[in-house]
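Please walk through this model with the coordinates open. The paragraphs below go from one site to the next.

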Amino acid sequence: MKNFKSSPSRLETRSRFRSPNIQQVSMGGFWADRIAAVAEKTVPILQLRCDEAGMFDQIDPARPIPEQRIPFSTAFGGGKVRPVGGNVTAQMYWDSDVAKMVEAAAFSLASHRNDTIEAVIDRIVDMYEALQQEDGYLNSWYIRMQPGKRWTNLRDCHELYCAGHLIEAAVAYYQATGKRKFMDVMGRYVDHIASMFGPEPDKRRGYCGHEEIELALVKLARATGEQRYLELAKYFIDERGREPHYFLIEAEERAEEPGRFAHGTFEYNQSHIPVREQTKVVGHAVRAMYLYSAMADLVTEYGDETLRCALDALWDDLVTKRLYVTGGLGPSADNEGFTSDYDLPNETAYAETCAAVGLVFWASRMLGFGADTRYADIMEQALYNGALAGVSLDGMRFFYENPLQSRGNHHRWPWHRCPCCPPNIARLIASIGTYAYGVGESEIAVHLYGENQARIDLGGRAVHLSQNTRYPWDGSIAITIDVEEPTGFALLLRIPAWCATATLKVNDEIVDLAATLQRGYARLDRTWRPGDRVMIVLDLTIQRLYAHPNVRQDRNRVALRRGPLIYCLEGTDNSVPLDRISLAPDAAFEARFEENFLGGVVTLQAPATAETSDDWLQTLYRPEPPRTSPASITAVPYYAWDNREPGEMLVWLRET
Ligand SMILES: [Zn+2]
C-alpha cells in the first residue's frame with residue numbers, strides 16, 4: 001500500500017477521449033437497479049404525464065389545435081407557480097419535455113427492449129415528421145400555437161433550446177435502435193436553422209437564451225460525421241455575448257423596451273460578455289452547465305485553447321466557491337442559479353436536479369481533453385449525490401430542488417408543471433454506462449467504477465472489459481481484459497482524490513502506483529493478453545468534511561463521506577431532532593452494509609450527544625447552556641433520503 005499525490009496540470013498536449021455509445025456498456029450491480037427502475041417505472045410515467053399534460057395534442061398536426069393550457073408570464077420554480085413578468089409559458093418548452101422523455105426511453109431500450117414504448121416513440125417521430133414545415137422548421141409551439149412569430153424572441157422563448165433537445169433525442173433513438181428517421185427530420189431542421197443564423201451578412205446573428213442546442217449539434221455532428229453541424233455549434237458559442245447584443249436588437253424589433261428583461265441582467269443566460277471572457281459561473285445554473293458542456297466539446301473537437309482557458313477559470317470558480325458538497329449547484333430560486341461566492345444555504349438550497357445532471361454533462365466533457373481526476377471526481381460527486389437524489393428509489397417520484405437540510409416538509413412529487421427534472425435524471429441514469437469510460441486512439445480511461453461489461457472498439461480492435469465489483473459499497477474492483485490477440489494500449493484507471501490509499505495489481509503483481517499516476521489516473525501501458533486481470537482496491541474510509549470558513553452556514557459542522565457518497569441523517573432513523581445532535585471530533589464511525597434496507601446500502605453509525613429540552617419548560621432564554629445526553633446516530637446515503645416516512649433531514653452535522 002502506498003501513499004501518493006496526484007499532480008494537477010493544465011494545457012498540456014492532450015489525447016482526445018470519446019465516450020462509448022449506449023450499446024457498448026452493460027451495467028450491473030448498483031446502476032442496474034437504477035436503470036431498471038427508470039426503464040420499468042420512470043419512462044412509462046414520463047410518457048403518461050406528457051400525454052396527460054396535452055403535449056401530444058400540441059405536437060400532432062392530425063389533432064385539432066388545442067387551447068392554450070398554461071397562462072403566460074409564469075414560471076414554476078420551487079414547485080410553485082410564480083409570475084416572472086415576461087411573455088413565456090411552460091408550454092413553449094413542451095417539445096423539450098417530450099424530447100427528453102424520448103431520449104430517456106431510447107437509452108432505456110438499449111438495455112430493456114420494450115415494443116410498446118418503442119411504438120410510442122415511433123408515433124411521436126411520425127407526428128414531428130408530419131408537423132415539419134416545408135422549409136424544415138419544426139417547433140410545435142410556433143407552428144401550432146403562435147404561428148407567424150417564429151424566431152422573434154430567442155431570449156425568452158426556448159425555440160433553439162427545444163430544437164437542441166429534439167436533436168439529442170433523435171441521436172439517442174438512432175443509437176439505441178438504428179432507426180434514423182427522427183435524426184433525418186432533425187437534420188433538415190438544423191439545415192433550416194443554419195440558413196437563418198450565422199456570421200454571414202444575410203443571416204441573423206442570434207443564439208438561444210437557454211443554451212442547449214450547442215451541445216446537441218456536437219452530438220449530431222459526431223453521430224452523422226457532418227462537420228457543418230459542428231460549425232453551427234461553434235458559431236452559437238462564438239457569438240454569445242458579443243456586441244451589438246442580439247437580445248437588445250431583437251427586443252427593439254419587437255418594439256419592446258430593450259432594457260426590460262424579467263431577469264434583469266444577461267448574466268442570467270451567460271450572454272453578458274463573450275464566453276471567452278467569462279471567469280465566474282453566473283446566472284441560471286442549468287443554462288450555465290449546458291453552455292460550458294458545449295464549450296468543452298468544442299475544445300475537444302477544435303483544440304481551442306482560448307475556450308479552454310475560460311473553462312479552466314469557470315471550473316475553478318465553481319468547485320472552489322459555488323458548489324454544494326453534494327455536487328448540487330445554484331442556491332437561489334429567484335434566478336434558479338448562482339448568487340455570490342460561498343453562499344451555500346442548506347435548507348433553502350434550490351440546487352435543481354437538472355443543474356447537478358448538467359454538471360455531470362460538463363465534467364464528462366472536460367474529460368474529452370484527457371483523463372484528469374479533477375473532473376472525474378466532480379462528475380462522480382454530482383452523479384451519486386446531487387443528481388441521483390432527484391429520483392426516488394422506485395423511479396416514481398422526483399425532486400426539483402435538492403436542499404441539504406429539511407424540517408420534514410420537503411418531498412418528491414409525482415409530477416411538476418415544469419417537468420424538466422424527471423426526464424433529465426432519467427436520461428442520465430439510463431445512459432450512465434457511456435460516462436464510465438473514455439476511449440482514445442490507443443487508450444481506454446476508466447472514469448467510473450461499477451459492475452459492468454464494456455465492448456470497446458479501439459481503432460478497429462475489439463477490447464472487452466469486465467468490471468467485477470460491489471462499488472460504491474466496496475472499494476475492491478476486479479477488471480478482466482479480453483482481447484482477441486495480444487493488443488497494445490494504455491489502460492488509465494482513476495484513483496479518486498478522496499481516496500487516501502489505494503493498491504493496484506496486474507495479474508497479481510503489485511504495481512508501483514505513484515510511478516504510474518498521471519493527473520490522478522494510473523496509466524498501465526502494455527501489451528494486454530486475453531484474460532489479463534487488474535485489481536484495484538480503493539480505501540473507503542469514512543471521512544468528515546469541513547467547509548471553507550467563508551461558508552457561514554456550515555461553520556462548526558461536518559459532512560460525512562464514504563467513497564463517492566455523501567451521507568445525511570433522517571428523522572426516521574434518529575430519535576432526537578437532528579439539529580440538536582453534536583458529534584465529538586474523535587467519535588468513531590462504523591459502516592454496515594444492510595442488504596434489505598433502502599435497496600441495499602451501507603449505513604453509518606456513531607455515538608453522539610444531543611441537547612435536551614426537558615428542563616427548559618416555558619423558558620426561551622436562560623443563562624445556562626442546554627444539557628446534553630448521549631445519542632447514537634445513523635446516517636444514510638443522501639441520494640436515498642425521503643424514500644420512507646416523511647421527516648427531517650440533515651447533511652451538515654454540528655461538531656463539538
Ligand atoms: Zn429541472
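Glutamate 267 is in contact with His272, Val282 and Gly283, leaving aside its neighbours within four places in sequence. This is a predicted model, and in it glutamate 267 lies in the loop between α10 and α11. Its relative accessible area is 33%, so glutamate 267 is partly exposed. Phenylalanine 338 is 71 residues away along the chain, yet the C-alpha atoms of glutamate 267 and phenylalanine 338 are separated by 9.9 Å.

Glutamine 278 is placed in the loop between α10 (246-253) and α11 (285-302). Glutamine 278 has a relative accessible area of 1% and is therefore buried. A polar atom of the glutamine 278 side chain lies 2.8 Å from the backbone oxygen of glutamine 270. Gln270 is also among the contacts of glutamine 278 beyond four places in sequence, along with His272, Ile273, Leu291, Ala310 and Leu314. His272 appears in the contacts of glutamate 267 as well.

The loop between α10 and α11 also holds alanine 255. Phi of alanine 255 is near 60 degrees, a positive value in a residue other than glycine. Most residues other than glycine have a negative phi, and most peptide bonds are trans. Alanine 255 counts as exposed because its relative accessibility is 71%. Alanine 351, in the loop between α12 and α13, is another residue that is not a glycine but has a positive phi, here about 40 degrees. With a relative accessibility of 2%, alanine 351 counts as buried.

Next along the chain comes the zinc site. Which residues supply the protein donors of the zinc ion? They are Glu352 (OE), Cys354 (SG), Cys420 (SG) and Cys421 (SG), at 2.0 to 2.3 Å from the ion. The angles subtended by the 4 donor atoms run from 96 to 118 degrees, so the arrangement is tetrahedral. Ideal angles at a metal are 109.5 degrees for four tetrahedral donors. Along the chain the donors follow the spacing E-x1-C-x65-C-C. Glutamate 352, in the loop between α12 (305-321) and α13 (353-366), and cysteine 421, in helix α15 (residues 421-430), are 69 residues apart, and this pair links distant parts of the chain. Glutamate 352 and cysteine 421 are both buried.

Helix α4 (residues 115-131) belongs to an earlier part of the chain. Its 17 residues reach 24 Å from the first C-alpha to the last, close to the 24 Å expected at 1.5 Å a residue. At the start of α4, a side-chain oxygen of asparagine 114 comes to within 3.0 Å of the backbone nitrogen of threonine 116. The buried residues of the helix are Ile117, Glu118, Val120, Ile121, Ile124, Val125, Met127, Tyr128 and Leu131. Their cover includes α1 (29-53), α2 (55-59), α3 (94-111), α5 (140-145), α6 (159-177) and α7 (181-196).

Within α4, glutamate 118 counts as buried because its relative accessible area is 11%. Its side chain makes a polar contact with the side chain of arginine 113, at 2.6 Å. Beyond its neighbours within four places in sequence, glutamate 118 is in contact with Leu109, Arg113, Tyr173, Thr177 and Lys179.

Strand β19 (residues 565-570) is mostly covered, with 6 of its 6 residues buried. Leu565, Tyr567 and Leu569 point one way from the strand, while Ile566, Cys568 and Glu570 point the other way. Strand β18 (residues 557-562) pairs with β19 in the antiparallel sense over 2 bridges, and arginine 561 stands opposite isoleucine 566. The hairpin of β18 and β19 has 2 residues between the strands, and glycine 563 there takes a positive phi near 60 degrees. β19 is also joined by 3 bridges to strand β23 (residues 628-637), and these two run antiparallel. Here cysteine 568 stands opposite valine 636. A further antiparallel pairing, over 2 bridges, is with strand β24 (residues 649-650), where leucine 569 stands opposite leucine 650.

Two cis peptide bonds remain to be noted. One joins glutamate 243 and proline 244, with omega about -5 degrees, and proline 244 is found in the loop between α9 (227-239) and α10. The other runs from tyrosine 471 to proline 472, with omega near 10 degrees. Proline 472 lies in the loop between β9 (461-469) and β10 (476-483).

Conventions
Residues numbered from 1 in each chain as written. Predicted model: local features only at pLDDT ≥ 70, side-chain atom pairs only at ≥ 80, totals over all residues. Heavy atoms only, no water. Donors = N, O, S within 2.8 Å, 3.2 Å for Na, K, Ca; no water. Tetrahedral: all angles 85-135°; square planar, octahedral: opposite > 155°, others 65-115°. Helix = DSSP H or I, 4+ residues; strand = E, 2+ residues; numbered from the N terminus. Buried < 20%, exposed > 50% of the residue type's maximum accessible area, 1.4 Å probe, protein only. Pairing = 2+ DSSP bridges. Polar contact = N/O pair within 3.5 Å; in protein donor to acceptor, adjacent residues only side chain to side chain. Contact = heavy atoms within 4.5 Å. Expected span 1.5 Å × (residues − 1).
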